[in-house]
Amino acid sequence: MSKALVIGNWKMNLDYVEAVHLTQQIAALLASRPVERVDVAVAPPFVDLRSVTSVLEAERASIAVAAQHVSDRDNGAFTGEVSVAMLKRLGVSSVIVGHSERRTMYHMDDALVASTVRAVLRGGLDAVLCVGEDLVTREAEDHESFVSGQLTSALTGVEEFSEHVTVAYEPIWAIGTGMTATSTQIDAMMTTIRTQLASLGFVSSRVLYGGSVNADNAGEIVTEGGVDGFLVGGASLKTESFGAIVHACNDCYAERR
Ligand code: PEP
């Protein structure tokens with residue numbers, strides 16, 4: 001049976017000392033109450049990555065490490081950027097690509113998302129592709145075609161890497177707002193996304209949900225929303241809430257592909 005996936009996106013929070021502390025706590029929690037149906041990953045800021053991978057190696061914890069972003073270039077004169085090879089060398093196994101905060105605040109357009117996905121896959125890491133509509137698009141009922149367009153733009157021609165791509169559906173209006181999408185809305189989008197993925201040749205990609213997921217709503221979203229796991233922002237910064245989401249997912253997830 002394939003597993004669900006829960007990723008904690010720490011965003012620009014936690015210096016390396018705080019990151020080490022949270023990592024140790026999460027590792028201890030999952031050691032005392034292991035999960036069989038869920039892969040777990042954390043996505044710390046770049047400067048914390050080495051410390052976090054070291055702690056996880058020392059603890060022999062089966063928690064993967066993701067980066068929140070990466071350059072689409074291999075190396076060279078790109079001040080401030082970080083390459084896929086650098087991340088791989090640090091023990092990072094996947095990269096979040098096209099998070100809505102990067103798309104809206106840092107001008108990451110569809111073309112850059114697509115070239116970044118290619119750089120990640122070509123470099124041997126897994127890509128966690130974020131898609132999702134804003135409120136205006138949702139209210140205009142254009143969300144299905146908008147998200148399908150984002151998938152087509154990012155994933156056309158890379159179907160050979162199908163097993164290395166995860167999609168995170170994150171409606172922008174639900175991120176960090178406390179306004180979670182309903183299970184019905186999520187379930188409908190899971191169907192749209194899986195249909196579009198299949199038409200692009202992606203049959204084994206997991207599809208996650210992100211947007212104000214917390215300990216109280218996670219179980220229902222897995223059961224009723226048909227998701228393969230979560231990309232968690234705010235609630236991933238506390239061991240208790242992140243652990244509760246992971247355990248809810250473990251309790252409720254049943255393979256559905
Ligand atoms: C996110 O930023 O990916 C996210 C889902 O954030 P939050 O859980 O805080 O809504």
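**Figure 1. Polar contacts of the ligand with Gly-234, Gly-233 and Lys-11 in a predicted model**. A backbone N or O atom of Gly-234 is 2.9 Å from an oxygen atom of the ligand; a polar contact is a pair of N or O atoms within 3.5 Å, and within protein one must be able to donate a hydrogen and the other to accept it, while residues adjacent in sequence count only if both atoms are side-chain atoms. The protein covers 95% of the 290 Å² of accessible area that the ligand has on its own, as computed by the Shrake-Rupley method with a 1.4 Å probe. For Gly-233, a polar backbone atom lies 2.8 Å from an oxygen atom of the ligand. An N or O atom in the side chain of Lys-11 is 2.4 Å from an oxygen atom of the ligand. The model is predicted: local features need pLDDT of at least 70 and side-chain atom pairs count only at pLDDT 80 or more, whereas totals for chains, interfaces and linings use all residues. Residues are numbered from 1 along each chain as its sequence is written, and side-chain values use heavy atoms, with hydrogens and water left out.

**Figure 2. The shell of residues around the ligand**. Among the 14 residues around the ligand, those that come nearest are Lys-11, His-99, Glu-170, Gly-176 and Ser-212; a residue belongs here if one of its heavy atoms lies within 4 Å of the ligand. The shell comprises four nonpolar, eight polar and two charged residues, with Asp, Glu, Lys and Arg counted as charged and Gly among the polar ones.

**Figure 3. Phe-230 and its contacts**. Leaving aside residues up to four places away in sequence, Phe-230 touches residues including Leu-5, Val-6, Tyr-209, Ile-245 and Cys-249; contact means heavy atoms within 4.5 Å.

**Figure 4. Ser-162, a buried loop residue**. Ser-162 is found in the loop between helix 7 (143–155) and strand 6 (165–169); helices (H or I, at least four residues) and strands (E, at least two) are DSSP runs. Ser-162 counts as buried because its relative accessibility is 7%, and buried means under 20% relative accessible area, exposed over 50% (1.4 Å probe, protein chains only). Not counting residues up to four places away in sequence, Ser-162 touches Gly-201, Phe-202, Val-203, Ser-204 and Ser-205.

**Figure 5. Arg-60, an exposed residue with positive phi**. Arg-60 lies in the loop between helix 2 (49–59) and strand 3 (63–67). Its phi is near 50°, a positive value in a residue other than glycine. Arg-60 has a relative accessible area of 77% and is therefore exposed.
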